[in-house]
Every structure is written in C-alpha cells, then in structure tokens.
Amino acid sequence: MEISVIGCGYVGLVTGLGFAELGNSVIFVDSDEFKLKLINALKPPIYEPGLEELMRRNGGRFYATNDYQEAISNSEISFICVGTPSKEDGSIDLSHVKASARQIGESLRNKDGYHVVVVKSTVLPGTTENVVRQIIEEMSGKKAFIDFGLAVNPEFLREGNAVEDFFNPDRIVIGIRDEKTREILEELYSPFNCPKLITDIKTAEMIKYANNAFLATKISFANEIGNICKKLGIDVYEVFKGVGLDHRINPAFFRAGIGFGGSCLPKDVRALIAKAGELGEEPKILKAVIEVNERQPLRMIELLKKHMSSLEGKTIGILGLAFKPDTDDVRESRAIPIVEKLLEEKAKVIAYDPKAIDNFSKIFPHIEYAKSGQEVVDRSDALLIVTEWKEFGELNYRGKIVVDGRRIDKAREALVYEGVCW
Ligand code: UDX
C-alpha cells in the first residue's frame with residue numbers, strides 16, 4: 001500500500017520504516033530540512049537500535065519530503081505522528097497536530113479518491129472526532145467518513161525497543177467509524193498475528209492514556225513499596241518477584257528505583273489529570289503517581305547526604321543521562337532534577353552517558369562531561385547511578401561511595417553502596 005507519515009520523530013520513523021519493511025511504499029513528511037536530508041541519505045536522525053539497518057534494507061521503498069501535497073496525492077493512507085508535548089499547566093499542546101491536519105486538509109482538497117487519515121499521535125479522547133475532523137473538513141471542503149476516512153491507531157512503542165515492538169506488538173488498537181476505513185486498515189495490518197481490537201474512535205484514544213497511566217502507576221507503586229522496604233531492610237526486587245508471579249498482576253514494570261521519565265508516561269499522566277479536572281473529576285491516584293515520581297530522584301541526594309555531610313565543593317559523578325538505556329533521549333530524564341539539586345548544593349558535577357551527552361549538554365552546558373563511565377568513577381568523590389546502561393555493569397567501583405537508582409549489581413562492590421529502594 002502507499003503510505004505517508006507526517007512527523008519523523010521516533011514513532012513516525014519506526015512506523016514508516018516498519019511498514020516499508022512489510023512491502024509498502026512510504027513517504028515521510030517533516031518540516032525539518034536537516035532531518036529530511038539525513039533520512040534521504042539513509043541515516044537515522046535519532047538513535048534507536050535496529051533503525052539504521054531497517055533504513056538501509058528498505059532504501060528503495062521510502063523517501064522524505066516537506067511537500068504535503070506530493071505526499072498526500074501519492075498515498076492512500078496518512079499517519080499523523082507529530083508530537084503532543086505538555087504545556088506549562090500539564091495540558092496537551094495540539095499545535096503540531098492541528099498544523100498537520102490543516103496541511104492534510106488543504107492537500108485533500110486537490111485529491112480525488114478515498115484517503116484515510118490515521119491519528120497515531122497521542123491525543124485525548126474526543127480530539128480526533130472534534131478537532132482533527134473539523135480542521136480537515138474545513139480545509140478540504142470534504143466530509144469525514146464519506147469523502148475521506150479518519151481513524152485512531154495508538155502506538156505502544158518503547159524507545160530503545162521501538163523496532164522490535166513494531167514487529168511484535170501485544171495488540172493493535174484501531175478506532176474507526178466507517179467500514180471503508182476499517183477495511184483499509186485491516187488490510188494494512190493483515191501481516192500481524194496479534195489480537196486486533198477494533199473500537200470507536202474515542203475509546204481507542206482512551207486506551208492509550210489508560211495504558212500509559214497504568215504503567216506509570218505500577219512504577220510509582222513499586223517505588224512507594226520500595227521506599228518502605230528500604231527502611232525495613234527488605235529487598236523490594238524479591239518482593240515484586242513474588243508479587244509478579246500472581247497471574248492477575250504480571251511481573252513487568254515493577255522495577256523500583258528513581259521513577260519514570262521519557263516523552264510519554266509523565267506527559268500522558270499529566271494530560272489525563274488536566275482533562276479530568278476540566279470534566280470536574282479529581283483523579284487522586286494519578287496525582288499521587290506524579291507526586292511519588294517527582295520525589296523519587298531526590299531520594300538519591302538524601303541517601304548521599306547520609307555519607308557526606310555537605311556536598312559543597314565535592315565532585316559528584318553521574319552515570320547515565322538518558323531517561324532510560326538504549327536511547328539518546330533526555331526528555332524528563334531523572335538526571336535533570338538530580339543535577340539541578342546537586343548544583344543548588346554547590347557540588348561539582350561530572351557526568352557520562354554513552355549516547356545522551358549531546359542532548360543533555362543543551363540543558364546543562366556548564367557541567368563537566370567525561371569520556372567514559374570509568375573516568376566518572378575515578379574522578380568522583382561519590383557516584384549516582386541514574387540510568388541502567390549495560391556498560392555500567394562492567395565498571396570498577398571499588399573504594400567508592402555509590403548511590404544506585406537503577407540496581408546495577410556490580411556497584412555493590414563499592415566501599416559504600418546504597419540502593420535507592422533496597
Ligand atoms: C512508554 C510506553 O512503555 C510505551 O508503550 C509508549 O508507547 C510510550 O511510552 P517509553 O517512554 O519509551 O515507552 O519507555 P518505558 O520503557 O515505558 O520507560 C519509561 C520510564 O519508566 C523510564 O524512565 C524507565 O526507566 C522507567 N521505568 C520503567 C521504571 O522506572 N521501572 C520500570 O519497571 C519500568
């Protein structure tokens with residue numbers, strides 16, 4: 001099939017290249033000229049395992065442009081994969097979604113034939129049928145579900161695992177209203193053998209929020225239990241091993257530590273809280289999930305102070321800056337509040353991450369960045385392990401003070417070892 005993908009972030013790129021690998025033709029659309037150049041040169045603009053190989057293997061099946069008309073005229077399905085960041089008050093910023101809906105609408109005005117627009121960006125229930133639909137109808141002069149199709153197809157890709165997740169999804173959720181759109185998307189997804197859940201449009205939108213909110217809740221719950229375990233001298237990982245064996249619960253997402261970051265979980269929980277507020281609901285659990293998550297990284301500093309009365313003038317090493325391993329993404333990384341607090345306490349900070357130094361140094365240009373994890377270890381008075389990169393399991397921690405936020409077992413050889421929840 002012929003597909004256009006609007007927005008070349010990790011979701012758009014992985015989705016588009018995944019469809020190309022399955023034999024479809026894909027046109028990527030983005031306004032960032034630099035990204036377009038990289039994609040057309042078969043170079044991934046972001047770090048994501050497996051992406052470069054996917055690009056090289058499918059070089060003949062895709063290209064990137066900034067021309068919406070060209071992309072819409074030469075495809076039958078468009079996926080909107082642009083970002084939906086948080087505004088200051090936690091509510092969702094729809095400006096990119098609206099801008100792409102406008103451009104798609106304008107292009108549809110000049111196109112005959114049924115074109116399906118699929119919203120993959122995470123948007124609150126009601127957005128596709130109210131906001132996106134209205135913009136496309138206005139700009140195109142056409143009617144949704146009659147002249148063009150509209151659907152929601154949330155993504156559940158984890159950064160660092162996105163390529164693998166694309167090809168092996170737990171399920172595919174498709175929110176539709178008209179039969180023609182259903183048929184086209186069922187055909188597109190026919191190579192996948194997983195359960196496919198067809199719902200109405202706003203249910204599909206809500207599934208994505210409920211899903212991420214539950215994952216975030218599991219993590220904050222594990223951290224709260226972990227904080228209690230720490231005081232009782234109990235290993236919270238043993239506890240959740242036992243809990244996760246209950247088939248009603250499942251063992252995933254119980255890794256206690258310093259909480260969740262990234263481009264999705266914090267933003268989606270906040271957006272759902274803001275939406276609930278608009279509806280006159282007070283989402284107590286969701287608010288607590290965020291509160292626990294915001295406090296959790298600072299526990300590392302409290303633990304550090306158990307072993308160093310003042311941090312002033314001390315060199316504190318940070319191992320890991322990405323919000324999780326195998327990505328260069330630092331959005332909402334736990335390293336951000338930790339470094340802020342260390343600087344406030346007048347400590348000297350030296351940091352290392354295998355992939356995320358470039359991105360982190362845009363936020364903190366004045367801290368020192370080391371060339372390796374071992375250099376950080378060797379030059380610090382104390383260390384904080386913030387991201388569980390595999391290579392941190394091979395460093396020599398002997399003689400050091402280590403506060404571990406992510407459970408790197410090798411670090412237990414340190415002179416002083418404090419796990420944040422164990
Ligand atoms: C998430 C969802 O998992 C994915 O389905 C959705 O499409 C996008 O958002 P992602 O943000 O890439 O994916 O990362 P994820 O693996 O979910 O981790 C998020 C954060 O939670 C990371 O900071 C990670 O370190 C933390 N985490 C995860 C924990 O602290 N403990 C856990 O047990 C799991």
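**Entry 1: a loop residue**

I started at arginine 177, which I found in the loop between β7 (172–175) and α8 (179–188). I take helices (H or I, at least four residues) and strands (E, at least two) as DSSP runs, numbered from the N terminus. A note to self before going on: this is a predicted model, where local features need pLDDT of at least 70 and side-chain atom pairs count only at pLDDT 80 or more, while totals for chains, interfaces and linings use all residues. Residues are numbered from 1 along each chain as its sequence is written, and side-chain values use heavy atoms, with hydrogens and water left out.

Is arginine 177 buried or exposed? Neither label fits: arginine 177 is partly exposed, because its relative accessible area is 49%. My cut-offs are under 20% relative accessible area for buried, over 50% for exposed, and partly exposed in between (1.4 Å probe, protein chains only). I also looked up alanine 151, which is 26 residues from arginine 177 in sequence but 7.4 Å from it in space, C-alpha to C-alpha.

**Entry 2: into α8**

Next I moved to threonine 181, in helix α8. Threonine 181 has a relative accessible area of 0%, so I noted it as buried. Its side chain makes a polar contact of 2.7 Å with the side chain of aspartate 178. By polar contact I mean a pair of N or O atoms within 3.5 Å; within protein, one must be able to donate a hydrogen and the other to accept it, and residues adjacent in sequence count only if both atoms are side-chain atoms.

**Entry 3: the ligand**

Which residues come nearest to the ligand? Of the 20 residues around it, I listed Glu159, Arg255, Gly261, Phe323 and Lys324 (near means that a heavy atom of the residue lies within 4 Å).

I then checked the ligand's oxygen atoms. Glutamate 155 places a polar side-chain atom 3.0 Å from a ligand oxygen, and lysine 208 does so at 3.5 Å. Leucine 157 comes in through its backbone, with an N or O atom 3.2 Å from an oxygen of the ligand. The ligand taken alone exposes 660 Å², and the protein buries 97% of that; these areas come from the Shrake-Rupley method with a 1.4 Å probe.

The shell around the ligand divides into ten nonpolar, three polar and seven charged residues. Helix α9 (residues 201–232) gives the largest share of that shell, four residues.

**Entry 4: along α9**

Does the length of α9 fall where it should, and what span would I expect? Its 32 residues should span 46 Å, because each adds 1.5 Å (times one less than the number of residues), and the end C-alpha atoms are 47 Å apart, which agrees. Just after α9, glycine 233 takes a positive phi of about 70 degrees.

**Entry 5: two more positive phi values**

Most residues other than glycine have a negative phi. I found aspartate 326 with a positive phi of about 65 degrees and glutamate 332 with one of about 55 degrees. Aspartate 326 is in the loop between β9 (315–319) and α14 (335–344), and glutamate 332 is also between β9 and α14. Aspartate 326 is partly exposed at 35% relative accessible area, and glutamate 332 is partly exposed at 28%.

**Entry 6: cysteines**

How many disulfides are there? I count zero, with a disulfide being a pair of cysteine sulfur atoms within 2.5 Å. For cysteine 81, the nearest cysteine sulfur is that of cysteine 8, 8.7 Å away. Cysteine 229 has its closest cysteine sulfur in cysteine 421, and I rule out a bond because the two are 8.3 Å apart. Cysteine 81 is buried at 8% relative accessible area, and cysteine 229 is buried at 6%.

Methods. Nonpolar A, V, L, I, M, F, W, Y, C, P; charged D, E, K, R; others polar.
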